[in-house]
Amino acid sequence: AQQEPSPDKVPIDEAERLLSLQVALKISDLGSSAETFEVNRRWVAALQDEFFAQGDQEKAAGLPVSALMDRDKPGAASVASQLGWYSFPTSGLQVAIPLFYNFTRVFPNAEPLMSSAMATY
């Protein structure tokens, strides 16, 4: 059953609605951190393919290749990159969990995302 947000937590004006949408977009960016290992692994592999394609375009244009985008170096899916992501002080889960938590306080129907993040963590 869907829960209605409590009236004191509903975005009250256009600025709060916009902020809510911006937070939802950021959550979608970090959402793979709350997925199962297999789903996250596939997502990171797709991300790495996208990064390498950008790096190829940067090389072709004679530009310096951005971090993690050079296919001749370890990419986003490398063990070192993934360990760094999860151990860095502002890792995906250390950023995502507080963000998910506060989002679900305002939008209770998003609670399964929080539960999934906690199960992954």
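A nonpolar core is a set of buried Ala, Val, Leu, Ile, Met, Phe, Trp, Tyr and Cys residues joined through side-chain atoms within 4.5 Å. In this predicted model, the largest such core has ten residues: I27, L30, A34, A96, I97, F100, F103, A110, M114 and A117. Helix 1 (14–30), helix 4 (92–106) and helix 5 (111–120) each supply at least two of these residues. Helix 4 gives the largest share, with four residues.

**Overall fold**

The chain contains five helices and zero strands. Read from the N terminus, the order of elements is α-α-α-α-α. Of the 121 residues in the chain, 26% are buried. Among contacts with a separation of 6 or more, 51% join residues 24 or more positions apart. The accessible surface of the chain is about 8,200 Å², and carbon and sulfur atoms account for 62% of that surface.

**Helices 1 and 2**

Helix 1 has 17 residues, which should span 24 Å at 1.5 Å a residue, and its end C-alpha atoms are indeed 24 Å apart. The buried residues of helix 1 are S20, I27 and L30. Viewed down the helix axis, the buried residues of helix 1 fall within an arc of 85°, so they line one face of the helix. Two of the residues named here, I27 and L30, also belong to the largest nonpolar core. On the face of helix 1 turned away from the buried side are the exposed residues E14, A15, L21, L25 and S28.

Helix 2 has 24 residues, and the distance from its first C-alpha to its last is 34 Å, close to the 34 Å expected at 1.5 Å a residue. Its buried residues are N40, V44, Q48, F51, F52, G55 and E58. Q48 lies in this helix, which covers residues 37–60. Q48 counts as buried because its relative accessibility is 16%, and the cut-off for buried is under 20%. Leaving aside residues up to four places away in sequence, Q48 touches G75, A76, A77 and S78.

**After helix 2**

G62, just after helix 2, takes a positive phi of about 75°. L68 is found in the loop between helix 2 and helix 3 (79–87). The phi of L68 is also positive, near 70°, in a residue other than glycine. Most residues other than glycine have a negative phi. L68 is partly exposed, with a relative accessible area of 37%.

**The aromatic pair**

A search of the whole structure finds one aromatic pair. The pair is formed by F103 and F107; the ring centres are 4.8 Å apart and the planes meet at 40°, a tilted arrangement. The angle counts as tilted because planes under 30 degrees apart would be stacked and those over 60 edge-to-face. How do F103 and F107 stand in terms of burial? F103 is buried at 16% relative accessibility, whereas F107 is partly exposed at 24%. F103 is also one of the residues of the largest nonpolar core.

The table collects the accessibility of four residues discussed above.

| Residue | Relative accessibility | Class |
|---|---|---|
| Q48 | 16% | buried |
| L68 | 37% | partly exposed |
| F103 | 16% | buried |
| F107 | 24% | partly exposed |

Definitions and conventions:
Residues are numbered from 1 along each chain as its sequence is written. This is a predicted model: local features need pLDDT of at least 70, side-chain atom pairs count only at pLDDT 80 or more; totals for chains, interfaces and linings use all residues. Side-chain values use heavy atoms; hydrogens and water are left out. Rings of Phe, Tyr and Trp (its six-membered ring) pair if their centres lie within 6.5 Å; planes under 30 degrees apart count as stacked, over 60 as edge-to-face and the rest as tilted. Buried means under 20% relative accessible area, exposed over 50%, partly exposed in between (1.4 Å probe, protein chains only). Helices (H or I, at least four residues) and strands (E, at least two) are DSSP runs, numbered from the N terminus. Contact means heavy atoms within 4.5 Å. Accessible areas come from the Shrake-Rupley method with a 1.4 Å probe; for residues, only the protein chains shown count as cover. The expected span of a helix is 1.5 Å times one less than its number of residues. The arc is that of the directions from the helix axis to the C-beta atoms.
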